[in-house]
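The exercises below are meant to be worked through with the sequence and the model side by side. Try each task before reading the solution that follows it.

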Amino acid sequence: MMTDKTVYVLGAGFSKEASAPAQEELVKQIFEIDRDNPGEFEDGSVKKFRSFLTNILLVPQKLHDSVPLEDIFTPLDRCIADNVSFRNLSVKETLKARDLIYYLIGKTLECTLRSSQKDYIDQFAKYITDKSSTRRGHRYANLDPVSVISTNWDTLLDDSIKSQISAHYPGEAVVDYCCHFSSFESNDQSVMPGLEMLGLGGFSVKLLKLHGSLNWLQCPKCLRLYVDFHNRIAIGQYVTPVNCRYCDTQFGVQSSHKLISNLIMPTFLKNFSNPQYKLVWQAAGIELSEASRIVFIGYSLPQADFEMRQLLARMVRKDARIVVVDYGSPDEHRIAEKMKRYEVFFGKRKPQFYLEGARNYIQNHLDEE
Ligand SMILES: [Zn+2]
């Protein structure tokens, strides 16, 4: 099938204009929220995190704000993967430390996005939902105009798409994460795999989240992925753990199938061996290969993101049009560097740049093809 297809690739800059904190500011934000609204976090959780930074990473308190997430998660994940202790933490305590930091990060994103200005994200959601709706009535074999690949954990876009579906296409459409997932609530009919909805004559809006999502939890036994649009379940799990309901039925209620968050953290040794992530990444490769146009919004193509770079290098067609949306002026060093990175990477497929930001692009240029 060689038709016009646009794939949007979203990075942190996409959510930033809705006031999502950049990854490098997340640790600082944890302490700011705790200072301004001490009731937000579970009692004692921030204190435990401070103690981890001071006693395990040996960082003095005045430098806590500037610890990069990579320096926290790279050793934690390596120790857990290799089953070795991390300084004076046993493997079990290392896992607990990671759970705690998962929770603090998730909660921090939730707090900062509670009052976000996401008008432009709603508009984007409407646009891609309407485009996807052309696949209704079993026309999906011939039509596949759009999909979204996101490196963000937040659910701003997911929630906006869900609202569009509830308002304009109730019972006819689903958000499709392009892996095998089940609804968190057993009777939630609004969560089902995209293929199932296509088979029923409806349509799906494809949203591939390469690093996971705050509304996902996974069973460590059967590896089912649970999705919920009503709660940020990856955050709630720290306070109120929930079991896999299928494994409870098959094996009885056991702590061995307590659901866990499976977000991919910013480390230099990301582990994508999880079968659900393998599916998402494979699907992302296919989406990229089918794209006649790829629009990067707020994604900086960093060297450290070598997994993403190899995917793009392998799967983007030589005739694909590349559009890069960012915010700033070419005179700024940061922007000049980024433009250079894209130009070198895509070479003959000369990228076209819009530097007025995500909101402006979505409000004014989304229909220009
Ligand atoms: Zn299970």
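**Exercise 1: the neighbours of strand 1**

Task: find which residue of strand 2 stands opposite V7, and then describe how strand 1 is paired and how far it is covered.

Solution. V7 stands opposite S147 in strand 2. Before going further, note that the model is a predicted one, in which local features need pLDDT of at least 70 and side-chain atom pairs count only at pLDDT 80 or more, while totals for chains, interfaces and linings use all residues. Residues are numbered from 1 along each chain as its sequence is written. Helices (H or I, at least four residues) and strands (E, at least two) are DSSP runs, numbered from the N terminus, and two strands pair if DSSP finds at least two bridges between them.

With these terms in hand, take the pairing with strand 2 (residues 146–150), which is parallel to strand 1 (residues 6–10) and is joined to strand 1 by five bridges. Next, turn to strand 8 (residues 293–297), which also runs parallel to strand 1 and is linked to strand 1 by five bridges. Here V7 has I294 opposite, and T6 has R293. Finally, consider burial: a residue is buried if 20 or more other C-beta atoms lie within 10 Å of its own, exposed if 12 or fewer, and partly exposed in between, with C-beta atoms placed from the backbone. By this count four of the five residues of strand 1 are buried.

**Exercise 2: the seven-stranded sheet**

Task: state in what order the strands of the seven-stranded open sheet are arranged, and explain why strand 3 and strand 10 each have one side without a neighbour.

Solution. Strands of a sheet pair through backbone hydrogen bonds, either parallel or antiparallel. In this sheet the order is 3-5-2-1-8-9-10, and the pairing is parallel. Strand 3 (173–176) and strand 10 (352–354) stand at the edges, and because each has a single partner strand, one side of each has no neighbour in the sheet. Ignoring direction, neighbouring strands are turned by 20° against each other on average, where axes are lines fitted to C-alpha atoms, for helices over the stretch in contact, and angles run from 0 to 180 degrees between N-to-C directions.

Continue with strand 8, which is largely enclosed by the rest of the structure, because four of its five residues are buried. Strand 8 pairs with strand 9 (residues 321–325) in the parallel sense over five bridges, and V323 in strand 9 is the bridge partner of V295. Lastly, helix 11 (residues 275–290) lies across strand 1, strand 2, strand 5 (203–209) and strand 8, and runs at about 110° to strand 5.

**Exercise 3: the three-stranded sheet**

Task: identify which strands are at the edges of the open sheet with the order 4-7-6.

Solution. This sheet has three strands and mixed pairing. Strand 4 (181–183) and strand 6 (216–218) are its edge strands, each pairing on one side only. The average turn between neighbouring strands of this sheet is 35°, direction ignored. Strand 6 and strand 7 (residues 225–227) are antiparallel, with three bridges between them, and W216 stands opposite V227.

**Exercise 4: two packed helices**

Task: describe how helix 2 and helix 5 pack, and at what angle.

Solution. Two packed helices are described by the angle between their axes and the distance between the axes. For helix 2 (residues 26–36) and helix 5 (residues 91–113) the angle is about 70° and the axes are 9 Å apart. Helix 2 is therefore roughly perpendicular to helix 5, given that angles under 35 degrees count as roughly parallel, over 145 as roughly antiparallel, 65 to 115 as roughly perpendicular and the rest as oblique.

Now list the contacts, two residues being in contact if their C-beta atoms, placed from the backbone, lie within 7 Å. From helix 2, L26, Q29, I30 and I33 meet L104, I105, T108, C111 and T112 of helix 5. By class this contact has six nonpolar, three polar and no charged residues; Ala, Val, Leu, Ile, Met, Phe, Trp, Tyr, Cys and Pro count as nonpolar, Asp, Glu, Lys and Arg as charged, and the others, Gly among them, as polar.
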